[in-house]
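Please work through the exercises below with the sequence and the 3D structure side by side, and try each task before reading its solution.

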Amino acid sequence: MPALAPPVADERHALREFLAYQQSAYFAVCYGLTDEQARSAPSAGALSIGGLIKHVTGMQRTWMVRVAAAPDAPPADPRSFEERSAEYADDFVMLPDETLDGLLEAFSAQNAQTLLLADTADLNAAVPVPRDAPWFPTDVTAWSVRWVLLHVINELARHAGHADIVRESIDGATMYELIAGRENWKPEPWLTPWQPE
């Protein structure tokens, strides 16, 4: 992961590259962590890095199902709202039987699907607004695929910031140190690549 997204040629290329850039932050933020550390919630809230990776995997999956179905709605989920809410709550928790490697593998697979749709979906296609949760607007009938991709970039960035805070609370490591360590950058007077102790 470079420290900045690469130059872009056009709108689709920009959407794809900024998606990929935000996705890559999660590999850097968990560089060198054990499963126990990835499961821990050492900051003021209940978030863990493992839980955040699960959440952004599920978040991308949910939105990409909608993009793939556009301009139609995806098939209805036959489960009750309570069942879906319980699954959503679980998406923020790295369970005892889950591993960081397993979560990253699922995240990688979803990232690839998201990027494929960013490369191929009609950016102007209408994505119907769901009506099954109170946070969705009632005065909008559909978003464009373009809007959905921008929303996913926003969600990835927001939660990468959460992950940065959690990681720094675990062992003091910050993003540029982690990127430098993961990519074997040479030490500089102003930047020491992070290395596990």
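The exercises that follow concern a predicted model, and they go from the overall fold to single residues.

**Exercise 1. Describe the overall fold and decide how compact the protein is for its length.**

Solution. Begin with the secondary structure, which comes to seven helices and two strands, and which, read along the sequence, follows the pattern α-α-α-α-α-β-β-α-α. Next, compare the radius of gyration of 18 Å with the 16 Å that the globule rule gives for 197 residues; the two values are close, so the protein is as compact as a globular protein of that length. The C-alpha trace spans about 55 × 45 × 25 Å along its principal axes. Finally, turn to burial and contacts: 41% of the 197 residues count as buried, and among contacts between residues at least 6 apart in sequence, 68% join residues at least 24 apart.

**Exercise 2. Check the end-to-end spans of helices H3 and H6 against the expected rise of 1.5 Å a residue.**

Solution. Take helix H3 (residues 49–69) to start with: its 21 residues should span 30 Å at 1.5 Å a residue, and its end C-alpha atoms are 30 Å apart, which agrees. This helix is also mostly covered, since 17 of the 21 residues of H3 are buried. Helix H6 (residues 145–171) has 27 residues and reaches 39 Å from its first C-alpha to its last, close to the expected 39 Å. Just beyond it, H6 is followed by Gly172, whose phi is positive, near 85 degrees.

**Exercise 3. Classify the ring pair of Tyr31 and Trp194, and place it in the chain.**

Solution. A search of the whole structure finds nine aromatic pairs. In the pair of Tyr31 and Trp194, the ring centres are 5.6 Å apart and the planes stand at 75 degrees, so the pair is edge-to-face; the cut-off needed for this step is an angle over 60 degrees. The pair links distant parts of the chain, with Tyr31 in the loop between helix H1 (11–29) and helix H2 (35–39) and Trp194 in the segment after helix H7 (175–182), 163 residues apart. Tyr31 counts as partly exposed at 22% relative accessibility, whereas Trp194 is buried at 14%, because buried means under 20%. Trp194 has a charged neighbour as well, for the charged end of Arg167 sits over its ring, 4.8 Å from the centre. Elsewhere, ring pairs link Trp63, Trp135, Phe136, Trp143 and Trp147 into a cluster.

**Exercise 4. Is Gln22 buried or exposed, and which residues does it touch?**

Solution. Gln22 lies in helix H1 and counts as buried at 14% relative accessibility. Leaving out residues up to four places away in sequence, Gln22 touches Ile153, Leu156, Ala157 and Ala160.

**Exercise 5. Examine the backbone geometry at Pro71 and Asn184.**

Solution. Start from the general expectation that most residues other than glycine have a negative phi and that most peptide bonds are trans. The peptide bond from Ala70 to Pro71 is cis, with omega near 10 degrees, and Pro71 is found in the loop between H3 and helix H4 (81–90). Asn184 has a positive phi of about 60 degrees although it is not a glycine. Asn184 is found in the segment after H7, where it is exposed, with a relative accessible area of 64%.

Methods. Residues are numbered from 1 along each chain as its sequence is written. This is a predicted model: local features need pLDDT of at least 70, side-chain atom pairs count only at pLDDT 80 or more; totals for chains, interfaces and linings use all residues. Side-chain values use heavy atoms; hydrogens and water are left out. Rings of Phe, Tyr and Trp (its six-membered ring) pair if their centres lie within 6.5 Å; planes under 30 degrees apart count as stacked, over 60 as edge-to-face and the rest as tilted. Helices (H or I, at least four residues) and strands (E, at least two) are DSSP runs, numbered from the N terminus. Buried means under 20% relative accessible area, exposed over 50%, partly exposed in between (1.4 Å probe, protein chains only). A charge sits over a ring if NZ of Lys or CZ of Arg is within 6 Å of the ring centre and within 35 degrees of the ring normal. The radius of gyration is taken over C-alpha atoms; the globule rule is 2.2 Å times the number of residues to the power 0.38. Contact means heavy atoms within 4.5 Å. The expected span of a helix is 1.5 Å times one less than its number of residues.
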